[in-house]
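Q: Please give a close account of one pocket-lining residue in this model, covering its setting, its contacts and the pockets of the structure.

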Amino acid sequence: MDSQGVAADPHLQQFIEVESQKQRFQQLVHQMTEVCWEKCMDKPGPKLDSRTEVCFVNCVERFIDTSQFILNRLEQTQRTRGSFSETITD
């Protein structure tokens, strides 16, 4: 076995990455459901009224927008730090 062990297997790495993405997506859906349920659902019933439905749609859209903004900001910060640390080491 080489010094990198099993992690050197590209198929295993890809499998782990896909499973990690699935898990992150499921966590995001769970969190979004919890937030929007608390915000929009006054009293559960057999049918959603139009006000509640609009609230859910708006909540989900804002949650997605916010999540995307945060991801973009983190990527931008990482790129800035990466180029900054490359400059220091040169």
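A: **Thr52 and the pockets**

In this predicted model, a polar contact of 2.5 Å joins the side chain of Thr52 to the side chain of Asp49. Thr52 belongs to helix α2. Its relative accessibility is 6%, and Thr52 is therefore classed as buried, since the cut-off for that class is under 20%. When neighbours within four places in sequence are set aside, Thr52 is in contact with Cys40 and Met41.

Both partners in the polar contact, Thr52 and Asp49, also appear in the lining of the second largest pocket. Met41, in contact with Thr52, is likewise part of that lining. The remaining lining residues are Asp42, Lys43, Pro44, Gly45, Lys47, Leu48 and Arg51. By class, the lining of this pocket comprises 5 charged, 3 nonpolar and 2 polar residues. The space within the second largest pocket is about 150 Å³.

The largest pocket, for its part, has a volume of about 180 Å³. Arg24, Phe25, Leu28, Ser67, Ile70 and Leu71 form its lining. Two elements, α1 (10-40) and α2 (50-89), each give two or more residues to the lining of the largest pocket. Helix α2 is also the element in which Thr52 is found. The lining of the largest pocket divides into 4 nonpolar residues, 1 polar residue and 1 charged residue, whereas the lining of the second largest pocket has 5 charged residues and 3 nonpolar ones.

Definitions and conventions. Residues numbered from 1 in each chain as written. Predicted model: local features only at pLDDT ≥ 70, side-chain atom pairs only at ≥ 80, totals over all residues. Heavy atoms only, no water. 1 Å grid on protein atoms, 1.4 Å probe; cavity = no way out; pocket = protein on both sides within 12 Å on 5 of 7 lines; lining within 4 Å. Points joined across faces, edges and corners; volume = space filled by probe spheres on them. Helix = DSSP H or I, 4+ residues; strand = E, 2+ residues; numbered from the N terminus. Nonpolar A, V, L, I, M, F, W, Y, C, P; charged D, E, K, R; others polar. Buried < 20%, exposed > 50% of the residue type's maximum accessible area, 1.4 Å probe, protein only. Polar contact = N/O pair within 3.5 Å; in protein donor to acceptor, adjacent residues only side chain to side chain. Contact = heavy atoms within 4.5 Å.
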